[in-house]
Amino acid sequence: MKLTLQIWRQSDSAADGHYEIYTVDDATPEMSLLELLDRLNDRLVTEGLDPVAFDSDCREGVCGSCGITVDGRPHGPLSNTPSCRQHVRSFAEGAHIRLEPFRSAAYPVVRDLVVDRSALDRMITVGGHIAVDAGTAADADAEPLPHDDAEYALDFAACIGCGACVAACPNGAAHLFAGAKLLHLGTVTRGKLERGRRAQSLVGQMEQEFGPCSSYGECSQACPESIPLTAVAAVNREVVRARVRRPKN
């Protein structure tokens, strides 16, 4: 397959970026988008040119580090699929594909297709955790959790923190990410002890870093783990709950 790639190139966060056009003549349908970039970079290095910088790690749809924007869509043309699992077979022979970094004011470009998603990490720092006593781990049966509650928590724990929800939102909101963390940690037995404080801290940090929710639902369509929009609804609900209950809850 022959494909034309229009790729965003930017040397660092302070530089002005621009698009450059490349042609890949030997792409194959089974290639992932990242393998397509690998093929291009092999050629660029051979020619003594700078390769295109992009993030990747597991390449199995687990880590969430691979995110890029493809023809204006975070991750690529297939909904609920990370960039590393998007394949060339989704494009026609001779297609023109535009690749650029996740676009959000909260994600400064580091280089080319790489962005800094530390804003998500700062939300985790202030509220995306459970405090436990140090020492020997408690017996698994000491804090029982009903099966349905456990499954519910795991559905939201599936969030891999790729940040596509923010890039998909016209307002750059992180409500899907925040809601997934609140519902996951607020459902498990130990997490309920800090539920109110977690909501106030995590949502307070979110409001400093990201925009308001657009209520359009693009975030759920871009999410590789199909986190439902009920996570968005949970954000305001958890904050209101924290305000009407005693501070310790």
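**Entry 1: Arg98**

Contact, as I use the word here, means heavy atoms within 4.5 Å. I am working from a predicted model, and I opened it at Arg98. With that cut-off, and leaving out residues up to four places away in sequence, I found Arg98 touching Gln6, Tyr19, Thr69, Val70, Asp71 and Gly72. I placed Arg98 in strand S5, which covers residues 96–100. Is Arg98 buried or exposed? I got a relative accessibility of 27%, so Arg98 counts as partly exposed. I also checked Arg98 against Gly128: they are 30 residues apart in sequence, and their C-alpha atoms are 34 Å apart in space.

**Entry 2: the whole chain**

Next I stepped back for the overview. I counted eight helices and seven strands in the protein chain. Along the principal axes, the C-alpha atoms fill a box of roughly 65 × 35 × 35 Å. Of the 249 residues, 46% count as buried. I then looked at contacts with a separation of 6 or more, and 69% of them come from residues 24 or more positions apart.

**Entry 3: two domains**

I looked up the domain assignment, which gives domain 1 as 3–111 and domain 2 as 117–245. How far apart are the centres of domain 1 and domain 2? Taken over C-alpha atoms, the separation is 29 Å. For the meeting of the two, I noted 18 residues of domain 1 in contact with 20 residues of domain 2.

**Entry 4: the nonpolar cores**

A reminder to myself before this one: in soluble globular proteins, nonpolar side chains tend to be buried together. The largest nonpolar core here has 37 residues, and those touching the most other members are Tyr107, Met123, Val166, Leu176, Met206, Phe210 and Ile227. I listed the elements that give two or more residues to this core: H2 (118–127), H4 (164–168), H5 (175–187), H6 (195–209), H7 (218–222) and H8 (230–244), each of them a helix. Which of these gives the most? H5 does, with six residues. Why does this core lie between the domains? Domain 1 and domain 2 both give residues to it, so it lies between them.

I picked Ile227 from that core for a closer look. Not counting residues up to four places away in sequence, Ile227 touches Asp155, Phe156, Ala158, Cys159, Leu176, Ala180 and Ser220. I also found a second, separate core, with 26 residues, including Leu34, Ala95, Leu99 and Leu113.

**Entry 5: helix H8 and its partners**

Two packed helices are described by the angle between their axes and the distance between the axes, so I looked up both for each pair.

For H5 and H8, the axes come within 7 Å and cross at roughly 70°. An angle from 65 to 115 degrees counts as roughly perpendicular, so that is what I wrote down for H5 against H8. On the H5 side I noted His175, Leu176, Ala178, Gly179, Ala180, Leu182 and Leu183, and they meet Thr230, Ala231, Val232, Ala234, Val235, Arg237 and Glu238 in H8.

For H6 and H8, the axes come within 8 Å and cross at roughly 125°. That makes H6 oblique to H8, and I recorded the crossing as left-handed. Here Arg195, Gly196, Ala199, Gln200, Val203 and Met206 in H6 meet Val235, Glu238, Val239, Arg241, Ala242 and Arg243 in H8.

**Entry 6: two positive phi values**

Most residues other than glycine have a negative phi, so I looked for exceptions. One of them is Asp112, a non-glycine residue with a positive phi near 50°. I found Asp112 in the loop between strand S6 (109–111) and strand S7 (114–115). With a relative accessibility of 2%, Asp112 counts as buried.

Ser226 is another residue other than glycine with a positive phi, near 55°. Ser226 has its place in the loop between H7 and H8. Its relative accessible area is 41%, so I marked Ser226 as partly exposed.

**Entry 7: Arg9**

My last look-up was Arg9, in strand S1 (residues 3–9). What does Arg9 touch beyond its neighbours within four places in sequence? I listed Gly17, His18, Glu20, Tyr22, Asp50, Pro51, Val52 and Asp112. That brings back the Asp112 of my phi entry, a residue of the S6 to S7 loop. Is Arg9 buried or exposed? Buried means under 20% relative accessible area, and Arg9 is at 7%, so Arg9 counts as buried.

Conventions
Residues numbered from 1 in each chain as written. Predicted model: local features only at pLDDT ≥ 70, side-chain atom pairs only at ≥ 80, totals over all residues. Heavy atoms only, no water. Core = buried A, V, L, I, M, F, W, Y, C linked by side-chain atoms within 4.5 Å. Buried < 20%, exposed > 50% of the residue type's maximum accessible area, 1.4 Å probe, protein only. Helix = DSSP H or I, 4+ residues; strand = E, 2+ residues; numbered from the N terminus. Domains from an automatic or database assignment. Axes fitted to C-alpha atoms, helices over the stretch in contact; angles between N-to-C directions. Parallel < 35°, antiparallel > 145°, perpendicular 65-115°, else oblique. Left-handed = near helix turned anticlockwise from the far one by under 90°.
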